[in-house]
Number of protein chains: 2
Amino acid sequence: MPSSRIVSQKPLRIGIAGLGTVGGGIVRILQKHGALIADRACRPIKIVAVSGRSRTKKRSINLTKYKWFNDPVAMAHDPDIDVIVEVIGGAGGVAKKLVETALANGKAVATANKALMAHHGYELAKLAEKHDTALMYEASVAGGIPIIKVLREGFAGNDIQAVFGILNGTCNYILTEMRSSGRDFKDVLKEAQAKGYAEANPAMDIEGTDTAHKICILGALAFGVKPDMAHLPVSGIGHLTAADMTHAEELGFKVKLLGIARRGNDGRIVQMVEPCLVATGSTIGAVDGVYNAVLTEGDFVGDNLLVGRGAGEGPTASAVVADLIDYALGFKTPVFGVTTPNMKKAKRMDPGEMVGHFYLHLSVKDKPGVLAEIAAIMRDHKISIEAVLQRGHNPGKPVSIVMMSHKARRADMEAATAEISNLASVAGKPCLMRIESF
Amino acid sequence: MPSSRIVSQKPLRIGIAGLGTVGGGIVRILQKHGALIADRACRPIKIVAVSGRSRTKKRSINLTKYKWFNDPVAMAHDPDIDVIVEVIGGAGGVAKKLVETALANGKAVATANKALMAHHGYELAKLAEKHDTALMYEASVAGGIPIIKVLREGFAGNDIQAVFGILNGTCNYILTEMRSSGRDFKDVLKEAQAKGYAEANPAMDIEGTDTAHKICILGALAFGVKPDMAHLPVSGIGHLTAADMTHAEELGFKVKLLGIARRGNDGRIVQMVEPCLVATGSTIGAVDGVYNAVLTEGDFVGDNLLVGRGAGEGPTASAVVADLIDYALGFKTPVFGVTTPNMKKAKRMDPGEMVGHFYLHLSVKDKPGVLAEIAAIMRDHKISIEAVLQRGHNPGKPVSIVMMSHKARRADMEAATAEISNLASVAGKPCLMRIESF
């Protein structure tokens, strides 16, 4: 490629803040593939500085050639650095200060920080525009799956109607294991922690917050709206039982924790995180274990699915390096697909207005008339039932009733469920899940 | 996004050559989404000229505002055009002349022409470099799936080991229907033609040539080698029977026509097109009907799968428009991921050296000793058998034997099959397929 269109053939100089798993992976890729990356980027990409918690910590990567900063924010003032890589994490604190400082100094930023982008992405995008630099965040969503690039560039000719998917590998691993082994949530979580698939404090993953950050970013990009965590209802997977997995399977479904961003024909947007049922034979239904999957719907391109590893050193570092190569080639896109003056305040749809098929699992006393009571409540809320599973016979003791509804409004379904849960014959908390069809 | 980094805020001026399905789709997208695209591209993208076979043909799109060219090559000389969109098709002829002329005049080119890129991509890339312009071809492979962008940019930090997949929707539709309906190839092909899923002359699709063009391009991009149709063995799907679908299903597989590009640890590359068996429960196994799917393997990012619509007006036009938006934003990458001086001559591996599990379907006379004869030949070629299906009892008449091998060299498997097909007790042509595992 002739030089005239390339911003520079001088090396692109990188400072990496954060030397954990992802930071280490980025160093490893740039060291291993230096020549290949220089060919692809039409210039070398050179690490010049790093910053981590401890300089003396034993590491499997060689950092001796790089300038060391104890304070990452100080690194963002170094005039010999073109791009700051932020892989520290956290919605505020030093990560935020670092990114702000780098952008204010006209340096580009590549970050893997989903919490930061979800909570402060709009202000940071404005800052990047003000200082005419780039804010890149491919690694913040779905690890190695290049969903940011695909949505922002690959589908740029489309009005995007929906983006949703499996965005947390820990949850998908746990749900997959619960299904295949018949074990309950807590048991499988422990195993996942032992295997390193779940963190010691798994709350961010299993309560859905991590997925919420990601779908918040994807929705902003897909619809050109400000990322808004305040209007994103979230439920996690901690309440699900092995029985739910089995019942779903019998009905032809698997349970997946989905992050969902949809825009209706009237332009209103709904964004949420919730466990849903997806058809076992569908492509997303085949995505098990630690894999992530993202589905998109565009008005011309139709529906697309991307599947890959959503976390881990290699995939996440690969995403950061892709951002660096784009930048080295002189590519810079508006942060959320359009510039901030063109971003819109979203018109939100109440999730209660969503229409779909629902799965309802009840634990009821095995005595005559229970099903009649439940069916009457459903009828009163104008919900018609597509399938019922009732198993076993256990007089006076709890048995399971599983129902699948025809199309119904979520609000109606929730109201009916609340009423049903108050019946004397219903024990425990009902489990209500939407069936995601696509 | 401030203007300084954008090449220009003047409209990007487009000339479209070819007003068939895809050309019409491009016009439709640019007309419908003009404002949205201007936001995303940070400048308007304006059609200024078009060229088609007949000016007077009745069309559902309004072309009255655009300059008309009877000769597309003349359009490539128009100084008021920045980018030529080539959607005429064909490896040579006017399409090639048009692209060459446009590049030689310093105009960028966006093409959907897989035959042209597979046969002449290297020379055209050199021409684009010489004249410091862009040659874009996202639409040439897998329609709406942005696999060119994903491989070239999304996974640019990786050494790519493999890219393969379902690249022809016509074949996938036919194979899906054969499986679900139990009907034979010819019957389903006729139906596909009636439905518009197969062309009147379906040879390019069903013989595998279309898939070969696509995997030729993907291999070149993945490995940084010259596209080379001369070293790409191709087999199609016309010889497959409904029985093959049934047998595969019983063994837990589906039959898919795959384009395959792999690089071994020794750096040697194999590229080919052949029907393969893939596990029914795998994600690619769930890709049915007219959908395409592309799997990639990178050393850091791991394996990824992309699924979407591989053809049709909307998806293909969406891919062309994505290229136009990239170019409008000032993005230009080396055509095959690296510049032509950095492209390598591929070291090729003989497909016979490929190792895998194989499926073999034989029609044999139902008499004692046949299986022993066959098993002896397999043993002599050092092939061990993992599973055998033999059905029914039809003394003196043909019955089916289906075998699945353990890991074996393709050359050994082919030699054994040739020998087996010469047995007096074997009727008709054996059907040998590799099992693609990933």
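A salt bridge here is a side-chain nitrogen of Lys or Arg within 4 Å of a carboxyl oxygen of Asp or Glu. Keep that in mind for Asp326(B) and Lys149(B), whose closest N and O atoms sit 2.6 Å apart, so the pair passes that cut-off. Bear in mind too that this is a predicted model.

**How the two chains pair up**

Turn chain B by 180°, with 0.0 Å of shift along the axis, and it superposes on chain A with an RMSD of 0.0 Å. The two copies are thus related as by a two-fold rotation axis. Both copies use the same surface, too: 100% of the contact residues of chain B recur in chain A.

Each side brings 65 residues to the contact, 65 from chain B and 65 from chain A. Together the chains bury about 5,600 Å², and carbon and sulfur atoms give 57% of that area. On the polar side, there are 22 residue pairs in polar contact between chain B and chain A, both partners being at pLDDT 80 or more. On chain B, the elements that each supply at least two residues to the side touching chain A are α1, α2, α6, β11 and α12. That side of chain B divides into 31 nonpolar, 19 polar and 15 charged residues.

**Helix α6 and its charges**

Helix α6 of chain B covers residues 147–154, and 8 of its 8 residues are buried. Charged residues are among them, including Lys149(B), Arg152(B) and Glu153(B). What becomes of those charges? They join a network of salt bridges that links Lys149, Arg152, Glu153 and Asp326 of chain A with Lys149, Arg152, Glu153 and Asp326 of chain B. One bridge that crosses between the chains pairs Lys149(A) with Glu153(B), at 2.6 Å from N to O. In total, 6 salt bridges run between chain B and chain A, while the structure holds 66 over all chains.

Back to the pair from the opening, Asp326(B) and Lys149(B). Asp326(B) belongs to helix α12 and Lys149(B) to helix α6, so their bridge ties together parts of chain B that are 177 residues apart in sequence. Asp326(B) is buried at 3% relative accessible area, and Lys149(B) is buried at 2%.

**Other long-range bridges**

Here are some salt bridges within a chain, side by side.

| Pair | Closest N and O atoms | Separation in sequence |
|---|---|---|
| Asp326(B) and Lys149(B) | 2.6 Å | 177 residues |
| Arg263(B) and Asp159(B) | 2.8 Å | 104 residues |
| Asp210(A) and Lys114(A) | 3.6 Å | 96 residues |

Arg263(B) is in strand β8, and Asp159(B) is in the loop between α6 and β7. Arg263(B) is partly exposed at 23% relative accessibility, as is Asp159(B) at 26%. In chain A, Asp210(A) of helix α10 reaches Lys114(A) of helix α5. Asp210(A) counts as buried at 9%, whereas Lys114(A) is partly exposed at 23%.

**Two buried spots**

Met378(A) sits in helix α13 and is buried, at 1% relative accessible area. Leaving out residues up to four places away in sequence, Met378(A) touches Leu360(A), Ile383(A), Ile385(A), Met403(A), Met413(A), Ala416(A) and Ile420(A). Ile420(A) is 42 residues along the chain from Met378(A), with 8.5 Å between their C-alpha atoms.

Thr133(B) lies in the loop between α5 and β6. Is Thr133(B) buried or exposed? It counts as buried, at 1% relative accessibility. The side chain of Thr133(B) reaches the backbone oxygen of Lys107(B) at 3.2 Å. Beyond its neighbours within four places in sequence, the contacts of Thr133(B) include Leu103(B), Ala128(B) and Tyr327(B).

Definitions and conventions: Residues numbered from 1 in each chain as written. Chains lettered and ligands numbered in written order. Predicted model: local features only at pLDDT ≥ 70, side-chain atom pairs only at ≥ 80, totals over all residues. Heavy atoms only, no water. Least-squares fit on C-alpha atoms with pLDDT ≥ 70 in both. Contact = heavy atoms within 4.5 Å. Buried < 20%, exposed > 50% of the residue type's maximum accessible area, 1.4 Å probe, protein only. Helix = DSSP H or I, 4+ residues; strand = E, 2+ residues; numbered from the N terminus. Buried area = accessible area lost by both parts, 1.4 Å probe. Polar contact = N/O pair within 3.5 Å; in protein donor to acceptor, adjacent residues only side chain to side chain. Nonpolar A, V, L, I, M, F, W, Y, C, P; charged D, E, K, R; others polar.
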